[in-house]
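User: Please take a close look at the nonpolar packing in this model. I would also like to hear about the rings and cysteines.

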Amino acid sequence: MEPLKDSEQRLCLQTQMIAPTRNQRERPISKLTGGLMHTYKFINQVYYAKKSTKKKEQKLMSTSEPQDYVPHRKEVIDGRWVVQKNIGKGSFGRVIWVYDKETEDNLAMKMIKRRKPFVQQAQMEIKLLRKLMEADPKGQHHCVRLIANTMFKGHPCIFFELLSYNLYEVLKYTQFKGISLTLIYKFGRQLLEALAFLSTIEIIHCDLKPENILLCDPRRSALKVIDFGSSCIAVQGL
């Protein structure tokens with residue numbers, strides 16, 4: 001028998017390497033991806049069904065709950081506090097600069113949304129702020145001071161001393177290049193003193209960030225920690 005030529009040997013080798021012919025649907029790649037589009041369609045249907053249900057619930061909630069009141073400039077709250085202008089707003093409600101006719105002071109009024117969960121949280125915040133005042137009547141531990149509180153058109157209103165820029169605004173002013181080591185030392189020392197004080201009266205702030213640390217005066221380094229709306233007593237938790 002004559003030996004096979006090189007071309008014939010290569011042909012035999014290629015024939016041996018070719019896998020047996022399979023049905024297109026039985027190929028591994030087909031089995032892995034064949035149902036992919038069906039899976040995607042199913043996921044989309046579930047996702048949009050849940051999204052639609054959530055929108056309906058939110059719409060129902062918004063129509064069943066009272067709308068939040070927005071005070072106008074020069075409006076008088078409880079015959080005492082005169083609205084000057086809005087300072088800012090958040091998920092809790094809004095902060096308004098007001099003038100106190102009794103003390104002739106400018107104050108910050110935190111007007112909480114009048115939905116039940118927010119009202120309950122505001123009551124907790126007032127309780128914690130009063131505890132702060134009892135433990136630090138002279139305000140020496142760098143925490144914001146409660147001046148007064150009231151209810152107005154269903155909204156809990158909490159009045160504080162009017163402060164200046166927050167630390168995020170300070171960093172933004174420097175184009176996020178940072179501040180001097182001297183200021184870092186002064187800010188850090190005051191923050192540690194505030195946290196140590198809160199620890200002694202078992203209060204956890206829970207939302208400490210640059211936006212919740214305010215300068216008392218734009219020309220000074222004294223600061224105060226604000227916004228105890230998410231805070232809790234250590235032994236109670238949130």
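Analyst: What follows starts with the main core and then turns to the rings and the cysteines. The model is predicted.

The largest nonpolar core has 27 residues. Seven positions touch the most other members: Leu-129, Leu-132, Cys-143, Val-144, Leu-198, Ile-203 and Phe-228. Several elements give two or more residues to this core. The helices are helix 4 (116-135), helix 5 (167-173) and helix 6 (181-200). The strands are strand 6 (155-161), strand 8 (213-215) and strand 9 (223-225). Helix 6 gives the most, with five residues. Where does this core lie with respect to domain 1 and domain 2? Domain 1 (75-161) and domain 2 (165-233) both give residues to the core, so it lies between them.

Leu-132 shows the packing at one position. Leaving aside its neighbours within four places in sequence, Leu-132 contacts Cys-143, Phe-197, Leu-198, Ile-201, Ile-203 and Phe-228. Another core, of 12 residues, lies apart from the largest one. Among its members are Ile-77, Ala-148, Cys-157 and Phe-159. As general background, nonpolar side chains in soluble globular proteins tend to be buried together.

Now the rings. The structure holds three aromatic pairs. One of them joins Tyr-69 and Phe-152. Their centres are 6.0 Å apart, with 65 degrees between the planes, and the pair is edge-to-face. Tyr-69 lies in the loop between helix 3 (36-64) and strand 1 (76-77), and Phe-152 in strand 5 (residues 146-152), so the pair ties together parts that are 83 residues apart in sequence. Tyr-69 is partly exposed, at 23% relative accessibility. Phe-152 is buried, at 11%.

Another pair is formed by Trp-81 and Phe-159. The ring centres are 3.9 Å apart and the planes meet at 20 degrees, so this pair is stacked. Trp-81 is in strand 2 (residues 81-89) and Phe-159 in strand 6, 78 residues apart. Both Trp-81 and Phe-159 are buried.

Charges also sit over rings. The charged end of Lys-153 is over the ring of Tyr-69, 5.1 Å from its centre. Lys-110 lies over the face of Phe-92, at 4.8 Å from the ring centre.

Last, the cysteines. The whole structure has zero disulfides. Cys-206 has the sulfur of Cys-232 as its nearest cysteine sulfur, 4.0 Å away. A disulfide needs the two sulfur atoms within 2.5 Å, so a 4.0 Å separation does not count. Cys-206 is partly exposed, with a relative accessible area of 41%. Cys-232 is buried, at 4% relative accessibility.

Technical notes. Residues numbered from 1 in each chain as written. Predicted model: local features only at pLDDT ≥ 70, side-chain atom pairs only at ≥ 80, totals over all residues. Heavy atoms only, no water. Core = buried A, V, L, I, M, F, W, Y, C linked by side-chain atoms within 4.5 Å. Buried < 20%, exposed > 50% of the residue type's maximum accessible area, 1.4 Å probe, protein only. Helix = DSSP H or I, 4+ residues; strand = E, 2+ residues; numbered from the N terminus. Domains from an automatic or database assignment. Contact = heavy atoms within 4.5 Å. Phe/Tyr/Trp six-rings, centres within 6.5 Å; stacked < 30°, edge-to-face > 60°. Lys NZ or Arg CZ within 6 Å of the ring centre and 35° of its normal.
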